[in-house]
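User: I would like to go through this model with you. Could you take my questions one at a time?

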Number of protein chains: 2
Amino acid sequence: MDDVVPGSVGTSAGFSLRLGQTIFSCASLLFMSLGVEFYSYTSFCFLVTIMGLAIPWSFTLALVDGYSVLVKCPVRKRGLLLIIVLGDWALSTLTLAAASSTASVVDLLLHNDGSFCPPKFCSRYQVSAAMAFLSWFLSMASCLFNLWLLPSL
Amino acid sequence: MDDVVPGSVGTSAGFSLRLGQTIFSCASLLFMSLGVEFYSYTSFCFLVTIMGLAIPWSFTLALVDGYSVLVKCPVRKRGLLLIIVLGDWALSTLTLAAASSTASVVDLLLHNDGSFCPPKFCSRYQVSAAMAFLSWFLSMASCLFNLWLLPSL
């Protein structure tokens with residue numbers, strides 16, 4: 001197979017996508033968990049859990065992609081690609097659910113009862129939700145590119 | 001094309017999927033909007049908006065599928081199928097986001113400050129979120145079956 005889909009596993013665009021996912025997931029996790037009381041809201045705990053799953057997944061695949069680019073030998077196994085597509089799909093779905101839960105809870109805290117959310121905390125929650133949305137977007141792109149590659153194997 | 005993917009456009013399984021989507025979306029919309037104050041929460045308004053988009057989409061495609069099954073002449077145009085896949089994908093993403101926002105807000109209202117949510121209302125919100133999740137599941141299934149059919153055209 002020589003017609004490589006840009007953005008799929010083992011290309012430099014795929015490596016950039018994975019790196020972006022790792023960075024945004026880490027940023028979301030850090031903004032949510034460092035110095036902020038996140039454990040009193042279910043959806044914030046959900047976001048932290050999902051980001052804790054997404055970071056090792058994206059980081060491992062970033063390593064695989066970087067290695068494939070360096071040795072110029074992309075992964076072309078159907079079973080492996082299927083696992084990657086399924087994992088990406090599950091994680092991107094969960095990331096979207098967590099990001100939209102967080103965003104809606106932050107919105108509720110901001111507009112319905114301001115007393116529950118000091119401005120310093122609320123802006124951090126908002127940044128965390130935005131980072132999670134960006135991470136979802138990149139993860140969905142990875143999933144689509146790999147799905148595109150799948151029938152040709 | 002004789003090898004029809006069950007669940008894609010123009011099959012009886014596809015008709016059942018569309019019918020299920022329409023029913024669950026209607027149930028979600030009715031549980032959310034009839035006799036309950038939904039407009040004071042952003043995510044509930046979002047759910048109502050998305051369900052208002054999803055119902056005509058699913059209903060139209062249910063009519064198309066039913067007609068195709070009756071006249072035994074399934075739709076096999078690449079451009080049309082692409083539009084259906086993209087629309088399904090966009091609507092299922094939005095439905096998931098709306099359902100998880102609603103679920104997280106209901107959870108917050110139930111557990112953090114019970115005074116804001118009379119039990120009668122809260123259970124209706126919960127049923128509405130559950131129906132939206134079911135509608136998302138069927139919509140995602142339709143999208144995947146049609147996507148599976150796409151490369152063979």
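User: How far apart do the end C-alpha atoms of residues 80-105 of chain A lie, and what share of the span is helix?

Analyst: This is a predicted model. In it, the end C-alpha atoms of residues 80-105 of chain A are 37 Å apart, and the span is 100% helix and 0% strand.

User: Which feature does UniProt place at those residues?

Analyst: The UniProt record, an unreviewed entry, gives "transmembrane region" for residues 80-105 of chain A, and also for residues 38-59 and 125-150.

User: What about residues 125-150 of chain A, how much helix is there?

Analyst: Residues 125-150 of chain A are 96% helix and 0% strand, with 37 Å between the end C-alpha atoms.

User: And the whole of chain A, how many helices and strands?

Analyst: Chain A has four helices and zero strands. Along the sequence, the pattern reads α-α-α-α. Taken along the principal axes, the C-alpha atoms of chain A fill a box of roughly 60 × 25 × 20 Å.

User: Changing topic: how many salt bridges are there over all chains?

Analyst: The structure holds two salt bridges over all chains. In chain A, the side chains of Asp88(A) and Arg18(A) form a salt bridge, at 2.7 Å from N to O. This pair links distant parts of the chain: Asp88(A) belongs to helix α3 (residues 78-111) of chain A and Arg18(A) to helix α1 (residues 12-33) of chain A, 70 residues apart.

User: Why can such side chains pair?

Analyst: Side chains of opposite charge can pair when their charged atoms come close.

User: Now the interface. How many salt bridges does the rule find across the interface of chain B and chain A?

Analyst: The rule finds zero salt bridges across the interface of chain B and chain A. It does find eight residue pairs in polar contact there, with both residues at pLDDT 80 or more.

User: Which helices of chain B supply the side that touches chain A?

Analyst: On chain B, α2 (42-71), α3 (78-111) and α4 (119-149) each supply at least two residues of that side. The largest share, 11 residues, comes from α3(B). By class, the side of chain B that touches chain A has 11 nonpolar, eight polar and two charged residues.

User: How much area do the two chains bury between them?

Analyst: Chain B and chain A bury about 1,600 Å² between them, 71% of it on carbon and sulfur atoms. In terms of contacts, 21 residues of chain B touch 21 residues of chain A.

User: Do the copies meet through the same surface or different ones?

Analyst: They meet through the same surface, because 100% of the interface residues of chain B are also interface residues in chain A.

User: What turn lays chain B on chain A?

Analyst: A turn of 180° with a shift of 0.0 Å along the axis lays chain B on chain A, with an RMSD of 0.0 Å. That is the relation of a two-fold axis.

User: Which residue of chain B comes closest to the rotation axis?

Analyst: Ser101(B) comes closest of the residues of chain B, with its C-alpha at 2.2 Å from the rotation axis.

Definitions and conventions:
Residues numbered from 1 in each chain as written. Chains lettered and ligands numbered in written order. Heavy atoms only, no water. Contact = heavy atoms within 4.5 Å. Buried area = accessible area lost by both parts, 1.4 Å probe. Salt bridge = Lys/Arg side-chain N within 4 Å of Asp/Glu carboxyl O. Polar contact = N/O pair within 3.5 Å; in protein donor to acceptor, adjacent residues only side chain to side chain. Nonpolar A, V, L, I, M, F, W, Y, C, P; charged D, E, K, R; others polar. Least-squares fit on C-alpha atoms with pLDDT ≥ 70 in both. UniProt positions renumbered as here; feature names shortened; annotations may be inferred.
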